[in-house]
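Student: I've got the model open and want to check the vocabulary against the values. Can you take me through it, term by term?

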Amino acid sequence: MLCGRWRRRRSPPAEPPVRALLAAPPARQPSPASPDGGTRRPGPRALKKMGLTEDADVLAMLRGSRLRKIRSHTWQQERLYRLQEDGLSVWFQRRIPRAHSKHIFLVQHIEAVREGHQSEGLRRFGGAFAPARCLTIAFKGRCKNLDLVAPTAEEAQCWVRGLAKLRERIHTMSQPERIHTWIHSYLQRADSNQDSKMSFKEIKSLLRMLNVDMNDMYAYSLFKECDHSNNERLEGAEIEEFLRRLLKRPELEAIFRRYSGEDHVLSAPELLEFLEDQGEESATLARAQQLIQTYELSEAAKQHELMTLDGFMMYLLSPEGAALNTAHTPVFQDMGQPLSHYFISSSHNTYLTDSQIGGPSSTEAYVRAFAQGCRCVELDCWEGQGGEPVIYHGHTLTSKILFRDVIQAVRDHAFTLSPYPVILSLENHCGLEQQAAMAHHLRTILGDMLVTEALDLQNPDELPSPEQLKGRVLVKGKKLPAAQNEDGRISSDREEEEEEEEEEEAAEQRRRAKQISPELSALAVYCCATRLRTLHPGPGPPQPCQVSSLSERKAKKFIRETGNSFVRHNARQLTRVYPLGLRMNSANYSPQEMWNSGCQLVALNFQTPGYEMDLNAGRFLINGQCGYVLKPACLRHPDTTFDPECPGPPRTTLTVQVLTAQQLPKLNVEKPSSIVDPLVRVEIYGVPADCARKETDYVLNNGFNPHWGQALQFQLRVPELVLVRFVVEDYDTTSPNDFVGQFTLPLNSLKQGYRHIHLLSKDGASLSPATLFVHICIQHS
């Protein structure tokens with residue numbers, strides 16, 4: 001009764017509904033001079049919200065440090081590095097001044113900060129400096145590591161600790177806080193004379209920075225509505241009012257009003273109705289009450305179990321309001337099945353950081369692959385000097401790295417993200433002596449991590465599960481036959497040549513025949529490399545511990561010609577697929593076709609961004625990003641009748657209503673007049689009959705808050721294999737559209753109802769606060 005009376009008689013809220021997005025700032029003081037002679041930006045609003053304004057490490061970073069950047073023995077230059085007062089970026093000095101965007105890196109793009117000589121660069125070139133003074137900043141995507149040496153160990157620790165605190169705070173920021181911080185960073189840049197006041201010219205500059213080309217008359221009318229002092233300047237509360245109007249979300253307000261009625265607040269039963277319409281599996285009154293306590297900002301509303309528009313927006317912008325089902329983000333699948341029942345994130349030519357013709361090889365490429373959840377890495381092993389095998393792309397200009405250095409990288413980094421087993425796929429070109437050296441390094445460096453014998457001696461030929469192999473390393477390589485002559489020869493485990501005829505293939509095998517070291521052979525326990533000549537069952541029992549490597553062309557041939565037989569084969573044992581050798585620029589193939597047939601180890605060039613790597617990231621986005629995803633039941637049963645080429649009639653309808661987008665990034669940040677014309681494309685990847693793409697119209701000159709309201713519908717035959725990719729592009733009438741952002745996820749992890757999609761860059765980095773707002777409907781027949 002009290003609740004109803006409070007709702008009927010309450011006075012209008014004293015604070016505006018968008019208080020969740022913007023908090024009024026204190027008046028800014030004149031900017032003091034910075035240590036390097038420039039002008040300091042106004043007070044650190046973002047750092048205050050992060051609770052770091054008094055943190056000694058962050059204050060030291062704000063003052064800046066002269067750190068030595070290490071590239072080689074001869075290139076070691078001292079540069080000024082300084083945290084910007086937005087708390088989101090670090091400015092650094094260059095020998096030749098360039099555009100502002102070329103002088104900063106974003107804290108949210110940092111993958112890891114390592115202390116000491118914990119990078120290939122510092123191990124090779126930083127020996128003259130004490131490890132306590134050294135640090136490495138590793139970035140997501142293709143950006144090179146930043147190897148730095150501080151003047152003192154304490155200054156190095158300031159940066160290590162400070163960056164850790166900033167990364168943690170940014171990670172825990174809510175989406176409204178990210179929007180608030182993002183827009184105020186642009187506000188400070190648009191305030192050209194740093195007087196804490198915004199003229200209409202500066203407001204226009206701000207709008208262009210925010211990726212919106214607003215009509216001058218409309219922009220000026222909005223400006224004047226907020227100019228309560230009538231002095232052609234906005235300051236303090238007037239600026240905040242302008243930003244609140246700019247950030248209004250009419251589509252969210254309309255949804256809120258539909259469920260809240262005339263009193264403009266949601267009761268717990270009304271919120272429950274919304275959750276039920278959303279298709280939430282856990283839609284109960286208790287759940288609605290919990291969401292109110294979690295996301296509502298008004299304590300008075302909380303006490304009466306009510307949700308205001310502020311709280312509603314907070315909820316829809318949170319991870320629980322996102323398209324990805326949060327129940328699927330931790331490890332939630334059964335990890336106790338045989339290895340052959342999982343898709344396993346796999347890398348090809350892992351050692352390369354660029355093309356396979358002349359690109360550099362690096363142990364850092366393995367570290368980055370592991371950071372992306374990769375569980376199967378490749379090592380191309382060749383004879384090296386001094387009895388030490390090396391890894392590189394043979395007969396090319398790619399640089400060489402030591403085999404033992406790679407194994408040390410595996411030991412140090414393989415299990416930082418995922419505890420589940422790592423497979424080392426050896427492509428062996430070494431003689432007996434250096435093969436023995438490889439086996440020695442594997443045993444001595446990896447120690448107990450290395451699997452050297454079957455876990456179940458009673459059933460040595462059965463594949464164990466990822467759960468049984470936690471923290472363990474498997475070697476994929478050639479296995480000597482049990483009855484092998486002392487000088488018996490066996491074909492090497494080099495990848496098969498592309499499209500050889502049977503006779504040519506046999507002749508090539510004989511030419512490449514070589515001995516296999518017993519020491520190395522003994523380490524191939526569960527992943528014994530073998531050629532796959534035919535899919536017809538042999539006279540003996542299945543061999544689960546045999547692994548076949550197929551080129552993408554040969555795998556497609558099996559899929560096309562054998563269909564269900566290939567699926568059954570992959571239900572019993574592992575198959576690795578790798579790109580054609582003709583892909584000189586390390587381009588990738590689409591992995592979806594191989595997944596459709598149950599291939600587990602679909603190896604891609606992780607160093608090459610594109611839709612193929614987006615699909616790989618989307619496939620392994622779920623299940624704790626541990627690199628293992630349980631295959632659908634139709635791909636696991638040994639007697640399955642599933643054929644991806646003949647999937648049957650449609651049984652699922654997916655309808656995506658593309659509503660709006662928010663804060664899309666500018667593609668040319670140095671050109672103020674460059675505003676995107678965004679369109680949205682929804683792409684479906686699955687069995688061939690399910691693959692489709694549809695797109696919206698484009699919106700002219702608005703990357704800030706474009707509106708579409710268009711529905712795209714798809715008929716699906718095998719929904720359990722489908723990946724959905726949301727792509728935003730900048731429309732161009734005379735040339736191919738430019739990529740803006742994307743997000744890919746499995747259909748089975750896509751939540752229904754009104755959802756925000758948080759966009760990623762081409763390299764997989766967050767484009768926060770950029771989002772799409774959509775409505776998802778999935779109907780099963």
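Student: What makes you say that the charged end of R249 sits over the ring of F773?

Tutor: The distance is 5.3 Å from the ring centre. A charge sits over a ring if NZ of Lys or CZ of Arg is within 6 Å of the ring centre and within 35 degrees of the ring normal. R249 over F773 makes the list, and so does R71, whose charged end is 4.3 Å from the centre of the W75 ring.

Student: Before we go on, what kind of model and numbering is this?

Tutor: It's a predicted model, where local features need pLDDT of at least 70 and side-chain atom pairs count only at pLDDT 80 or more, while totals for chains, interfaces and linings use all residues. Residues are numbered from 1 along each chain as its sequence is written, and side-chain values use heavy atoms, with hydrogens and water left out.

Student: How many aromatic pairs does a search of the whole structure find?

Tutor: The search turns up 21.

Student: Why is the pair of Y295 and Y315 called tilted?

Tutor: Rings of Phe, Tyr and Trp (its six-membered ring) pair if their centres lie within 6.5 Å; planes under 30 degrees apart count as stacked, over 60 as edge-to-face and the rest as tilted. Here the centres are 5.7 Å apart and the planes at 50°, so tilted it is. Y295 belongs to helix α12 (residues 285-295) and Y315 to helix α14 (residues 309-316), so the pair links distant parts of the chain, 20 residues apart. Helices (H or I, at least four residues) and strands (E, at least two) are DSSP runs, numbered from the N terminus. There's also an aromatic cluster, formed by Y81, F92, F105 and F139.

Student: How do you know whether Y295 and Y315 are buried or exposed?

Tutor: Buried means under 20% relative accessible area, exposed over 50%, partly exposed in between (1.4 Å probe, protein chains only). Y295 has 12% and Y315 has 2%, so both count as buried. C691, at 39%, is partly exposed.

Student: What makes strand β30 largely enclosed by the rest of the structure?

Tutor: In β30 (residues 753-760), 6 of the 8 residues are buried, so that's the verdict.

Student: How do you know that β30 pairs with β31?

Tutor: Two strands pair if DSSP finds at least two bridges between them. β30 and β31 (residues 766-780) are joined by 7 bridges and run antiparallel, with I757 opposite L772 in β31. The two form a hairpin with 5 residues between them, and G764 in the turn has a positive phi of about 90°.

Student: Why is M594 called buried?

Tutor: Its relative accessible area is 0%, so M594 is buried. M594 lies in helix α22 (residues 592-596). Beyond its neighbours within four places in sequence, its contacts (heavy atoms within 4.5 Å) include E552, I559, Y589 and V602.

Student: Why is there no bond between C545 and C528?

Tutor: A disulfide is a pair of cysteine sulfur atoms within 2.5 Å. C528 holds the closest cysteine sulfur to that of C545, but the separation is 6.0 Å, so it's too far for a bond. The structure holds 0 disulfides. C545 itself counts as buried at 8% relative accessibility.

Student: And what makes helix α7 mostly covered?

Tutor: In α7 (residues 200-209), 7 of the 10 residues are buried, among them F200, I203 and L207. The buried residues pack against several elements, including α6 (175-190) and α9 (237-246). Just after α7, N211 takes a positive phi of about 75°.
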